[in-house]
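Dear colleague,

I am handing over the structure we spoke about, and below it you will find my notes on what turned up when I went through it. Please read them with the structure open beside you.

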Amino acid sequence: MLKCMHCGKEVKRIESIGLEMGNLLKNPEKYLMKDKTYYIMCQSGARSNRTTKILNKQGYQVINVAGGVGSKYQLTGSVG
């Protein structure tokens, strides 16, 4: 079970897509909706951390998965 470190809520895996961060940043409206929450993950957590900061500033509800794929999936950040 995954829990968000920020709010303590359980995270249920609903959908997963493989997408390069650059493509996501170029056209976020193609992949994301502003009224839904997304958890962003990369290999180490560094690219997803930068990406979530940019997308949060644009109004998307995204949370970085700290440490990336190789971690214990600690969720960091806030929505909005």
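Strand β3 shows two faces: Tyr-38 and Ile-40 lie on the covered one, whereas Thr-37 and Tyr-39 lie on the uncovered one. This is the pattern to be expected, because side chains in a regular strand alternate between the two faces of the sheet. Please keep in mind throughout that the model is a predicted one.

The partner to look at next is β4, which runs parallel to β3 and is joined to it by four bridges. Within this pairing, Thr-37 stands opposite Gln-61 of β4, and the chain passes from β3 through α3 to β4 in a β-α-β crossover that is right-handed. The bridge partner of Tyr-38 in β4 is Val-62. Strand β4 itself is mostly covered, with five of its six residues buried.

For orientation along the whole chain, there are three helices and five strands, and they follow one another in sequence as β-β-α-α-β-α-β-β. The chain has 80 residues, of which 29% count as buried. If one takes the contacts between residues at least 6 apart in sequence, 51% of them join residues at least 24 apart.

The helix of the crossover, α3, covers residues 46-57, and its length can be checked: twelve residues at 1.5 Å a residue should span 16 Å, and the end C-alpha atoms are 17 Å apart, which agrees. In this helix, Ser-48, Thr-51, Thr-52, Leu-55 and Asn-56 are buried. These five are on the same side of α3, because the arc they cover around the axis is only 130°. The spacing fits a general rule, namely that an α-helix has 3.6 residues a turn, so residues three or four places apart point the same way. On the other side of α3, Lys-53 and Lys-57 are exposed. As for what lies over the buried residues of α3, the cover includes α1, α2, β3 and β4. Just after the helix, Gly-59 takes a positive phi of about 100°.

Two of the buried residues of α3 deserve a separate word, and the first question is which residues Thr-52 is in contact with, leaving aside its neighbours within four places in sequence. They are Ile-40, Val-62, Ile-63 and Asn-64. Thr-52 has a relative accessibility of 4%, and it counts as buried because that is under the 20% cut-off.

The other is Leu-55, also found in helix α3, which is buried with a relative accessible area of 0%. Not counting residues up to four places away in sequence, Leu-55 touches Leu-24, Leu-25, Pro-28, Leu-32, Tyr-60 and Val-62. One of these pairs can be followed further, since Leu-55 and Pro-28 are 27 residues apart along the chain while their C-alpha atoms are separated by 7.9 Å.

Leu-55 also leads to the largest nonpolar core, which is made up of nine residues: Met-21, Leu-24, Leu-32, Tyr-38, Ile-40, Cys-42, Leu-55, Tyr-60 and Val-62. The elements that give two or more residues to this core are α1, residues 21-26, and β3, residues 37-40. The covered face of β3, with Tyr-38 and Ile-40, is therefore part of the core by its membership list, as both names appear there. Another member, Tyr-60, touches Pro-28, Glu-29, Leu-32, Met-33, Lys-34 and Leu-55, if residues up to four places away in sequence are not counted.

Finally, there is a place away from that core list that you may wish to look at, the loop between β4 and β5, where Gly-67 is found. Is Gly-67 buried or partly exposed? With a relative accessible area of 36%, Gly-67 is partly exposed, since that value lies between the 20% and 50% cut-offs. Leaving aside neighbours within four places in sequence, Gly-67 is in contact with Gln-43, Ser-44 and Gly-45. Of these, Ser-44 is 23 residues from Gly-67 in sequence, and the two are 5.1 Å apart in space, C-alpha to C-alpha.

With best regards

Methods:
Residues are numbered from 1 along each chain as its sequence is written. This is a predicted model: local features need pLDDT of at least 70, side-chain atom pairs count only at pLDDT 80 or more; totals for chains, interfaces and linings use all residues. Side-chain values use heavy atoms; hydrogens and water are left out. A nonpolar core is a set of buried Ala, Val, Leu, Ile, Met, Phe, Trp, Tyr and Cys residues joined through side-chain atoms within 4.5 Å. Buried means under 20% relative accessible area, exposed over 50%, partly exposed in between (1.4 Å probe, protein chains only). Contact means heavy atoms within 4.5 Å. The expected span of a helix is 1.5 Å times one less than its number of residues. The arc is that of the directions from the helix axis to the C-beta atoms. Two strands pair if DSSP finds at least two bridges between them. A crossover is right-handed if, with the strands pointing away from the viewer, the path from the first strand over the helix to the second runs clockwise.
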